[in-house]
Amino acid sequence: MKGSPSYKELQAKFGSSKELIESSRNIISGDLLARPTVDLSSRVEMAKQVGDCNYEAGTCWGQEIGWVYGSMTEDILTGLRIHAAGWESALLDTEPPAFLGCAPTGGPASLTQFKRWATGLLEILISQNSPILGTIFRRLQLRQCLAYLIVEAWPVRAPFELCYALLGPFCLLTNQSFLPTASDEGFRIPAALFLTYHIYHLMEYKECGLSVRAWWNNHRMQRITSASAWLLAFLTVILKTLGLSETVFEVTRKESSTSSDGGAGTDEADPGLFTFDSAPVFIPVTVLSMLNIVALAVAAWRAVVGAAAGVHGGPGIGEFVCCGWIVLCFWPFVRGLVSRGKYGIPWSVRVKAGLIVAAFVHICTRN
């Protein structure tokens, strides 16, 4: 804004705060330095009023400048819009570090939060606030666009990872193969890719001072999240785009990692074990866990019978490794199938998963 806007124009732009309007008028008119500096401590209450979410309603301040509402990931959307307007980021390094020690505990809360994040991120990706559009038509830099895409493409990976997770069991159940056999020279290529990828990531963790267990926990948690929270988020956004459903904000319970007396902040008997409930987010991973176990058992029995009868062919070691690796990644769910209480998968989830597995096996073996 330039010139000498009226009080009503400033009120429509900046809200009803007289102090904010006066400050804006001084900046626009260019006589800010001519006025005496105001004691900042006297502005604390007014800062609280301006910072309130209700203050931005019905103003250009709320629509163009302030916090963005109506999104499942309003923090990402707000930052993206600020960057697209040409603003630059600055690192605030506080001592002690801020925003630590508060996170969802247990499987239900963590996967629910990941589902909410993934839903909001995918909605941003396919909306007019997409970082791709911000780079083409606004002032978002290309490297900023790539950084946002890395995060916002979370749920897009889910259907592809699901297909890969189903490919191994399908081959074992149908006595086929999609990888070269161990005696074939082409087997070295997928084996080298598999080993190189995981060794490289393990080395990254070690360089950061983290343990092998931290690498393994994060790796298998990413597989679990992709097959559950990200997959459901992808389906939710697709249904919303088609007008068949609406996204619902699901609140997750967050607790401090430690209590005031130095002990554990939760009443978990064993915080290292994965907890479950009857939420739909647990069904896909339970299905994959049961399906890979069944596929390994069927293929092992067929291999033993075929070896005894002198029959060769069918899937090779590659398909067995793929299914075995998925079982290891989903081991908390495998353990949940035989556990009880909050550490065991509820029977409602087991029954639904069992029916889906039975249908998949029937489709694979009907010919």
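In which helix do K48 and E45 both lie, and how many residues apart are they? Both residues belong to helix α3 (residues 44-51), where they are 3 residues apart, about one turn of the helix. This report describes a predicted model, beginning with its charged pairs.

**Salt bridges**

Side chains of opposite charge can pair when their charged atoms come close. The count of salt bridges comes to 4. Among them are the three in the table.

| Salt bridge | Closest N to O distance |
|---|---|
| K48 and E45 | 3.8 Å |
| E161 and R157 | 3.2 Å |
| E161 and R223 | 3.1 Å |

Both K48 and E45 are exposed. The pair of E161 and R157 lies in helix α9 (residues 157-174), with the two residues 4 apart, about one turn of the helix. Because its relative accessibility is 23%, E161 counts as partly exposed; R157, at 31%, is likewise classed as partly exposed.

E161 also forms a salt bridge with R223. Since E161 lies in helix α9 and R223 in helix α11, this pair ties together parts that are 62 residues apart in sequence. R223 is buried, with a relative accessible area of 16%. Together, R157, E161 and R223 are linked in a network of salt bridges.

**Aromatic side chains**

A pair of aromatic rings is described by the distance of the centres and the angle of the planes. The count of aromatic pairs comes to 11. One of them joins W216 and W325: the ring centres are 5.4 Å apart and the planes stand at 70 degrees, so the pair is edge-to-face. It links distant parts of the chain, as W216 is in helix α11 (residues 212-227) and W325 is in helix α14 (residues 317-329), 109 residues apart. W325 is partly exposed, with a relative accessible area of 23%.

F276 and F282 also form an edge-to-face pair, with 5.4 Å from centre to centre and 65 degrees between the planes. Both F276 and F282 are buried. A single aromatic cluster is formed by F114, W117, W154 and W230. In addition, R350 lies over the face of W347, at 4.5 Å from the ring centre.

**Annotated spans and a surface patch**

The unreviewed UniProt entry gives the annotation "transmembrane region" to residues 224-243, 281-304, 316-333 and 345-364. In the model, residues 316-333 are 89% helix and 0% strand, with end C-alpha atoms 26 Å apart. Residues 345-364 are 90% helix and 0% strand, and their end C-alpha atoms lie 26 Å apart.

On the surface, I132, L133, I136 and F137 form a nonpolar patch with about 420 Å² of accessible area together. I132 is placed in helix α7 (residues 131-137), and its relative accessibility of 41% makes this residue partly exposed.

Key:
Residues numbered from 1 in each chain as written. Predicted model: local features only at pLDDT ≥ 70, side-chain atom pairs only at ≥ 80, totals over all residues. Heavy atoms only, no water. Patch = residues over 30% accessible without salt bridge, like charges linked within 9 Å, V, L, I, M, F, W, Y side chains within 5 Å. Areas by Shrake-Rupley, 256 points an atom, 1.4 Å probe, with all protein chains shown as cover. Salt bridge = Lys/Arg side-chain N within 4 Å of Asp/Glu carboxyl O. Buried < 20%, exposed > 50% of the residue type's maximum accessible area, 1.4 Å probe, protein only. Phe/Tyr/Trp six-rings, centres within 6.5 Å; stacked < 30°, edge-to-face > 60°. Lys NZ or Arg CZ within 6 Å of the ring centre and 35° of its normal. UniProt positions renumbered as here; feature names shortened; annotations may be inferred.
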